[in-house]
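Q: I'd like a close look at a single part of this model: the pocket. Could you go through what lines it, then work outward to the rest of the chain?

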Amino acid sequence: MYVWMAQLVRASPPPATSLCFHPKLFSPFPRTRMAVNPTNTSPSFNSRKLPILLFDIMDTIVRDPFYHDVPAFFGMSLKELIECKHPTAWLEFENGVIDEDELEGKFFKDRRPFDLQGLKNCMRRGYSYIDGVEQLLLDLKQNNYEMHAFTNYPIWYRIIEDKLNISKYLSWTFCSCMYGKRKPDPDFYLAVVEHLKVDPASCIFVDDSLFAY
């Protein structure tokens, strides 16, 4: 797992520098930072524990069942599944462009029928915390850090929440299905800092993949 200082700017990509982190690296005491309201250039002072932590969910906090459980559900290898599934249907589902019924109709290129509820049940069974992550989240929560999900995922994030109750540690604030944007779209990053009303340097983004950058 890697932690990146989120440089949420449109013109340049974030630096290719990573560092491992532990909650003890952060002070347990809140500090005051100046937050800028994106709709008003005049600064306002805001007493807030910083940095704000933004977490990817799949394979960062929660095991992603797509790579093993889902191919097995369809009786295929991962390679076979990728070759026959529709190239954009899941991305559209993640962006909230299509709903479950539409996903069911176009999940495969040839539009073959399948058991949608069975697929959802398969994924639910596969969702679990990555080893050690729940304790990490608990430590951060007990040290009063503000934490948010920042993830590319469809409305099925509610299945994850129902099973794992992640909201006891962080808020499901930034899901692609809510914003119609996916990482690494710069507009999604900009939406984060606009919502949080902090400068980008006050955020740390945690992800398992360079794809988000």
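A: Here's the pocket, followed by the loops and charged pairs elsewhere in the chain.

A word on the ground rules: this is a predicted model, so local features need pLDDT of at least 70 and side-chain atom pairs count only at pLDDT 80 or more, while totals for chains, interfaces and linings use all residues. Numbering starts from 1 along each chain as its sequence is written, and side-chain values use heavy atoms, with hydrogens and water left out.

The chain carries 9 helices and 7 strands (DSSP runs numbered from the N terminus, helices being H or I of at least four residues and strands E of at least two). Of its 213 residues, 45% are buried (under 20% relative accessible area with a 1.4 Å probe, protein chains only; exposed is over 50%, and partly exposed lies in between). Take the contacts (heavy atoms within 4.5 Å) between residues at least 6 apart in sequence: 66% of them join residues at least 24 apart.

Now the pocket itself. The largest pocket holds about 700 Å³ of space (the volume filled by probe spheres set on grid points, which are joined across faces, edges and corners). Its lining runs to 28 residues, and those nearest the centre are Asp 64, Tyr 67, Trp 90, Glu 94 and Arg 182. Two elements each give two or more residues to that lining: H3 and helix H5 (116-126). The largest share, 3 residues, comes from H3. (A pocket here is an open set of points on a 1 Å grid over the protein atoms alone, where a 1.4 Å probe fits with protein on both sides within 12 Å along at least five of seven lines; lining residues have an atom within 4 Å of a point.) By type, the lining splits into 14 nonpolar, 5 polar and 9 charged residues (nonpolar covers Ala, Val, Leu, Ile, Met, Phe, Trp, Tyr, Cys and Pro, charged covers Asp, Glu, Lys and Arg, and the others, Gly among them, are polar).

Glu 94 gives us a way out of the pocket, by way of Lys 85. That lysine sits in the loop between helix H2 (78-84) and helix H3 (89-94). Lys 85 is buried but makes no salt bridge; Glu 94, the nearest side chain of opposite charge, is 9.4 Å away. (Lys and Arg count as positive, Asp and Glu as negative, with His and the chain ends not counted; a salt bridge needs a side-chain nitrogen of Lys or Arg within 4 Å of a carboxyl oxygen of Asp or Glu.) What does Lys 85 contact instead? Neighbours within four places in sequence aside, Lys 85 touches Phe 66, Phe 107, Phe 108 and Lys 109.

On the other side of H3, Val 97 belongs to the loop that leads to helix H4 (100-106). Val 97 counts as exposed because its relative accessibility is 57%. Outside four places in sequence, Val 97 contacts Glu 92 and Glu 102. Val 97 and Pro 154 are 9.7 Å apart, C-alpha to C-alpha, with their positions 57 residues apart in sequence.

Next, the charged pairs: the whole structure has 11 salt bridges. Arg 63 pairs with Asp 69, closest N and O atoms 2.5 Å apart, and Arg 63 is partly exposed at 27%. Glu 134 and Lys 168 meet at 3.6 Å, N to O. That pair ties together distant parts of the chain, 34 residues apart: Glu 134 in helix H6 (residues 133-142) and Lys 168 in the loop between H7 and E6. Lys 168 is partly exposed at 40%.

Lys 183 bridges to Asp 207, with 3.3 Å between the closest N and O atoms. Here too distant parts are linked: Lys 183 lies in the loop between H8 and H9 and Asp 207 in strand E7, 24 residues apart. Shared salt-bridge partners bring Asp 56, Lys 183 and Asp 207 into one network. Lys 183 counts as buried, since its relative accessibility is 3%; Asp 207 is likewise buried, at 3%.

Lys 183 also has a backbone quirk: a cis peptide bond joins it to Pro 184, with omega about 10°. Another cis bond joins Leu 50 and Pro 51, omega about 5°, and Pro 51 lies in the loop between strand E3 (43-48) and strand E4 (52-55).

Lastly, two residues that aren't glycine have positive phi. Asn 165 has a phi of about 55°, in the loop between helix H7 (157-164) and strand E6 (171-175). Lys 197 has a phi near 60° and lies between H9 and strand E7 (203-207).

Key: Lys, Arg positive; Asp, Glu negative; His and termini not counted.
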